[in-house]
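Visitor: I am new to this structure and would like to be walked through it, one part at a time.
Guide: Gladly; let us look at it together and take your questions in order.

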Amino acid sequence: MELVELNPYLWEIPRTGNMLVPGRIFADRQLMEKAREEKAMDQVMNVACLPGIVKASLAMPDIHWGYGFAIGGVAAFRMDGGVISPGGVGYDIACGVRLLKTNLPVPEIKDQLPALVHELSRMIPAGVGRGGNIRLKQKELDDLMTGGVSWAIKRGFGRSEDLESIEDGGCLEGANPDLVSARARQRGLDQPGTLGAGNHFAEVQIVEEVFDNEAADAFGVFKDQLCVMIHTGSRGLGHQICTEFVKTMGGAAARAGIDLPDRQLACAPIESPEGHNYYAAMACAVNFARCNRQVMTHLVRESFQNIFKSPSERLGLDLIYDLSHNVAKFEEHEVGGERMKLCVHRKGATRSFPAGHPDTPVRYRSVGQPVIVPGDMGTASYLLKGAPAAMTASFGSTCHGAGRVMGRRAAKRMIDGHELKQRLEAQGITVRAGSTRALAEEAPEAYKDVNKVVDICHHAGLSLRVAKLRPLGVIKG
Amino acid sequence: MKSFETIEHTADIGIRAFGSTEVEAFENAAYGMFCLIADLEKVGARLEFPVEVEAEEEEHETLLVEWLNELLYTYESNGVILKRFHIDELGVTRLKGVAYGAPISESPVEIKTDIKAATYYQLRVEQSEDRWVTEVIFDV
């Protein structure tokens, strides 16, 4: 495979074979050396073969080997002749992160931290297939999937101003609950407000460093501030929707005469019945995922109230932002000097819209959209801002995390979950995990250095650093 | 002959299962998948779940993914860990079988890995010499 260095942070795989566009990977030389050994490069090339793809098949610096699309992949398709792919969104539709800020400086509440982490782990249901305290009726699930977060707020889970800090105001239009199967519904009925397992977490964090005072002020962030980050998605409901559509779209691709380089890239023309149906079902899962994080936010606020004996509004706990990093969206971008509506797939990538963009929330329009990058549990997470260069270089996208470097089995072989827990606690990080073996899979050494991934995005101009957050308490399934 | 082995993958995990017949390789793929989820020695098998899946394409790779995803659905929606698998019929586009297991709440085991789905990526059902081999990568 030929690889051309376009600049110190961008590499190109020139078009070969059935590729319609080149592949482009944002990385420095060192990350590129590692990444090129992986099958992720083949996956970037396979995506470049899908009909209607424009400009390039992209990968962010946290790229790693996935199934179908590489993780960290971004691909945009023209509406006319382009495709939409459930595999390009993934099983955990609208998996994402949200960040809450408090007005509590950590040094003042340090003694209460262990109790707080314990309370959060008591209040937030976590673990595989674990249901929550809410059991929806079918009609309520319909309302949730069409209404998005405003449904949750009407039910008493959160504050009306939360809506201003969520992508699309908390509701992705175009959701049609009739396209969500009985099985997907069954899996979702008791799961709003549940964490799940795997790499999902709730973390109590401290703002360790502020890089950009103007943006930090706009986001309401200050040094030593206590924050809470939530990372989860659409749970069983999203998994089931993806499973069903990957199945039916194999046939749809064949009927449309699309020769798939990998069956997991199953797709359908955007403007086809299958394409429309997938989007409408996916939108239901997007709204479900946001409601899941919203209900969890409510549980976080209640936990704080229980520990600090004060109304949550007095403690802050305002939502900075909520974003999804596994999603397909219709957006306008410039391609070859022409503005076009495109279907942008982000599979483990974050939207990174700059100041002035109409989709950047009004409250942040002068600085840019907040970009939240969760790192591993022992290192750091980041708050960034969207940047103008992203609009020309990556369809307004940046990284979504650190990116794995070690397989799950390898991590379990090398790392003992109990020792890891002790090591983290020695670093001042309280850990509450349902499974210590699952904890080992998520050890810091299984991930790339998040600092470096964020630096590359910063230098490539995809997103700019605002603040660094360090974990103090970790809750996992 | 060992029944299965794991396939290393950076973010996810896969299994390669073996059998003297195709049916056995399918049953072992299911067993391998649940071995990734939990230690099955301590799990009971008092409950019985009939499983029936169909595929649009006439290829057994699709049936393998359908079979495994059906078992994952049974596991999550019923809150049960499955440990024994029996396939009665493996037709061109249809599979009928039974899975046996016990409620998670009755099982003194830790869930080791959360598997979201069986994917079509690098999927393989093949007969090589005297045995059948199936390969699947899971989204974790």
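**Where the chains meet, and what lies inside**

Guide: In this predicted model, the contact between the chains draws 37 residues from chain A and 28 residues from chain B.

Visitor: Which helix gives the largest share of the side of chain A that touches chain B?
Guide: Helices that each supply at least two residues to that side of chain A are α7 (182–188), α9 (235–255), α13 (408–414) and α15 (436–441). The largest share is seven residues, and the helix that provides them is α9(A).

Visitor: How many residues on that side of chain A are charged?
Guide: The residues of chain A that touch chain B divide into eleven nonpolar and 16 polar ones, and the charged ones number ten.

Visitor: Turning to chain B, at what angle do α1 and α2 pack?
Guide: Helix α1 of chain B covers residues 22–37 and helix α2 of chain B covers residues 60–78. The crossing of α1(B) past α2(B) is right-handed. Their axes lie 10 Å apart, and the angle is about 35°.

Visitor: How many of the residues in the contact of α1(B) with α2(B) are nonpolar?
Guide: From α1(B) come B:Glu22, B:Phe26, B:Ala29, B:Ala30 and B:Met33, which meet B:His60, B:Leu64, B:Trp67, B:Leu68 and B:Leu71 of α2(B). Among the residues of this contact one is polar and one is charged, while the nonpolar ones number eight.

Visitor: Which helix supplies the largest share of the largest nonpolar core?
Guide: That core has 214 residues, of which A:Met282, A:Ala285, B:Ala29 and B:Leu68 touch the most other members. Its largest share, 16 residues, comes from residues 273–308 of chain A, that is, from helix α10.

Visitor: Which residues of α2(B) does B:Ala29 touch, leaving aside residues up to four places away in sequence?
Guide: With those close neighbours in sequence not counted, B:Ala29 touches B:Phe4, B:Ile15, B:Ala17, B:Thr134 and B:Val136. The list also includes two residues that α2(B) brings to its contact with α1(B), namely B:Leu64 and B:Leu68.

Visitor: Why do the buried residues of α14 in chain A lie on the same side of the helix?
Guide: In α14 of chain A, residues 417–426, the buried residues include A:Gly417, A:Leu420 and A:Leu424. On the other side of α14(A), A:His418, A:Glu419, A:Gln422, A:Glu425 and A:Ala426 are exposed. The buried residues share a side of α14(A) because the arc they cover around the axis is only 55°.

Visitor: What do the buried residues of α14(A) pack against?
Guide: Just after this helix, A:Gly428 takes a positive phi of about 90°. The partners of the buried residues, both in chain A, are β18 (430–433) and α15.

Definitions and conventions: Residues are numbered from 1 along each chain as its sequence is written. Chains are lettered from A and ligands numbered from 1 in the order in which they are written. This is a predicted model: local features need pLDDT of at least 70, side-chain atom pairs count only at pLDDT 80 or more; totals for chains, interfaces and linings use all residues. Two residues are in contact if their C-beta atoms, placed from the backbone, lie within 7 Å. Helices (H or I, at least four residues) and strands (E, at least two) are DSSP runs, numbered from the N terminus. Ala, Val, Leu, Ile, Met, Phe, Trp, Tyr, Cys and Pro count as nonpolar, Asp, Glu, Lys and Arg as charged, and the others, Gly among them, as polar. Axes are lines fitted to C-alpha atoms, for helices over the stretch in contact, and angles run from 0 to 180 degrees between N-to-C directions. A crossing is left-handed if the near helix is turned anticlockwise from the far one by less than a right angle, and right-handed if clockwise. A nonpolar core is a set of buried Ala, Val, Leu, Ile, Met, Phe, Trp, Tyr and Cys residues joined through C-beta atoms within 7 Å. A residue is buried if 20 or more other C-beta atoms lie within 10 Å of its own, exposed if 12 or fewer, and partly exposed in between; C-beta atoms are placed from the backbone. The arc is that of the directions from the helix axis to the C-beta atoms.
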